[in-house]
Amino acid sequence: MNFTQKLRYVFKKYPSLRFISLLVLIFIVFFSLVFFSRGIQKAPHLYAISPQIANPGDIFTLTGQFFGDEQNDSYVEIGGNPLTQSSYLEWSENSIRLTLPANIQDGLVYVVTKAGRSEPKNFANRQSIPILVKKESTLHTPRISSVSEKKPAVGNLISIQGANFSSLRGSSKVYFSLSDTEDDTTEYIACSETNPDYDFWSDELIRLRVPDGAQSGNIYVETDTGKSNFFPIQINTKVGTKTHKNKNTYLLSLHGDMTDIETMGESTLTLRIPRPIYSPLQELIEITQSKPEPTIADHMGTIVHQFPISKGITEKIEVNHNFVVLARSLETEIAEKEILPYSDKSLSMYAEYLKPNSLIVSDKAEIQELAKKITKGTTNVYTKARRIFDYIKEKFTLDVELRENERNLQFALELKTLDSYEAALLFTSLCRAAEIICLPVAGVLIDANLIAKNHWWTEIYLENFGWLPVDMSLALGLEYQGFHINEKKDADFYFGNIDSQHIAFSRGLNTIKPTNQTGKIVTRNRSYALQTIWEEASAQILSYSSFWSPIYVNGVY
């Protein structure tokens, strides 16, 4: 009996062996197919492009399958032309984002990889489309169709989808409700330019952070072509709430004189006038007069004047400015246990407000040790800030008279006395030493007699809530007469609340670089704005005298 015959005999005699052999054969075939299929890359599938009509420079998105995790030798082809490497922003298995080049043409769009070529999609260059003789303006006004997050918190990133937002933002803005009432009196606030709230802007997609002060209600987009439809949005208030109550509109003015300017050659004198800052508490800011006409109306929060000076002596230079400012009061309620640690994004955005500088001495050993002692046993940002507030309130007394010169905060720690300026800086320094995002605010406090006094307070940042005001000097007993004579507030009110008689001219230290490295600069300490340069004289100017008036209140309504 040969081998083949023996094998047949064994399979015939033992049925279980036949079954096992069949399973082994199926197993081998299955894993062979899996093994060989791994080496086969599937051709890309292109499902959609957005937008289908766009301008050069617009962000262009392709969605589909099997694009590959990395670009490598793959590319996108539009109108028969492969795009250059500089066009690509992102490349992933299911999505490609790129910037359309200046020479983009109409045509078919393909994704090309080593595995092959995708099915095409049609693309049109908006600039090559003939303009219709008659256009309906409503076709070009912005329109919101959806919002990505159903219930975002302040500071959260959301996406607004729609049409006609414009490929470049320019002066366009997104507005959120400032109150939870929905009627003709509802007020709105735009996303901040300085935070910054805007993350991405295209004709069909806006990505931004919910601005500080936003309330549940409607949002809308405003562009040069008009306002969009209102779109409802619910703001997550789990951490706490903000309520804007009273508001006052102030007419303010200031005046400056530069006299007896002596120069040995052609020179320049530059003045930087602080502007009231834009915020949810000061949404309306108007400069009703600037005399003479400024060189730059708004640069780093200042109005810039540059005066050319001829050789010899110039008797006098005058500047005059009038402002209209709408100020709101703010009252807050915080759910202390719901306060979350700072996100990596917040730590990155507000890193400047965790560091020491020429005013904030959070790196000094005495400040570090005291902050650690006060906040021992808690990691809650709100709790730590409240403990620092209570410590200063209990351990320090307020000097009513404002010191004319700077003094070391460590010296104030020893004497346990602070003036209004030092109270804000000490609170900020201790907060930053305790890893709390915090900034000093400078401005004026307006009393019932319409006298504006230089004043300083602070703001701390809470995750998913926004900025919380703290006025340390008013908590220490600084006296001033509010508009509502019978309304007496206790010290604790000033942790988290602020009235509408505060006008802010700077938030944080406004670090301005000199325009002339050989020139001379003047800084006004303990003034209504914290900025490093107020006056800058070129090297040829030998001497001059300067006088700045206080902020005057010309009216309130």
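Which residue in β10 does A54 stand opposite? A54 stands opposite N125. This report works outward from that pair, and the model behind it is predicted.

**Overall make-up**

The protein has 557 residues, and 48% of them are buried. It contains 8 helices and 35 strands. About 28,900 Å² is exposed, with carbon and sulfur atoms supplying 52% of that area. Contacts often span long stretches of sequence. Take those between residues at least 6 apart in sequence: 68% join residues at least 24 apart.

**Strand β10 and its partners**

Strand β10 covers residues 121-125. β10 and β2 run parallel and are joined by 2 bridges. The pair A54 and N125 belongs here. β10 also pairs with strand β8, residues 107-113. That pairing is antiparallel and has 3 bridges. Within it, L108 has N122 of β10 as its bridge partner. Strands of a sheet pair through backbone hydrogen bonds, and the sense can be parallel or antiparallel.

**A four-stranded open sheet**

How many strands form the open sheet, and in what order? There are 4, in the order β1-β3-β7-β6, with antiparallel pairing. β1 (45-50) and β6 (88-91) are the edge strands, so named because each pairs on one side only. From one strand to the next, the twist averages 15°.

At the β6 edge, 3 bridges link β6 to β7, which spans residues 95-99. These two strands run antiparallel. E90 has R97 in β7 as its bridge partner.

**Helices α5 and α7**

Two packed helices are described by the angle between their axes and the distance between the axes. For α5 (residues 381-395) and α7 (residues 420-433), the angle is about 140° and the axes lie 10 Å apart. The crossing of α5 past α7 is right-handed.

What meets at this contact? From α5 come A385, I388, F389 and I392. From α7 come L426, F427, L430 and C431. The residues of the contact divide into 8 nonpolar, no polar and no charged.

**Backbone features in loops**

Four loop residues deserve a look at their backbone angles. The table lists them.

| Residue | Feature | Value | Loop |
|---|---|---|---|
| P51 | cis peptide bond with S50 | omega about -5° | between β1 and β2 (53-54) |
| P292 | cis peptide bond from K291 | omega near -5° | between β22 (285-291) and β23 (296-299) |
| F66 | positive phi, not a glycine | phi about 60° | between β3 (59-65) and β4 (75-78) |
| N72 | positive phi, not a glycine | phi near 50° | between β3 and β4 |

P51 ties back to the sheet and to β10. The loop that holds P51 leads from β1, an edge strand of the open sheet, to β2, the parallel partner of β10.

F66 and N72 both sit in the loop between β3 and β4. Are they buried, partly exposed or exposed? F66 has a relative accessibility of 22%, so F66 counts as partly exposed. The cut-off for buried is under 20%. N72 has a relative accessible area of 61% and is therefore exposed, since exposed means over 50%.

Notes
Residues numbered from 1 in each chain as written. Predicted model: local features only at pLDDT ≥ 70, side-chain atom pairs only at ≥ 80, totals over all residues. Heavy atoms only, no water. Axes fitted to C-alpha atoms, helices over the stretch in contact; angles between N-to-C directions. Buried < 20%, exposed > 50% of the residue type's maximum accessible area, 1.4 Å probe, protein only. Contact = heavy atoms within 4.5 Å. Areas by Shrake-Rupley, 256 points an atom, 1.4 Å probe, with all protein chains shown as cover. Left-handed = near helix turned anticlockwise from the far one by under 90°. Nonpolar A, V, L, I, M, F, W, Y, C, P; charged D, E, K, R; others polar.
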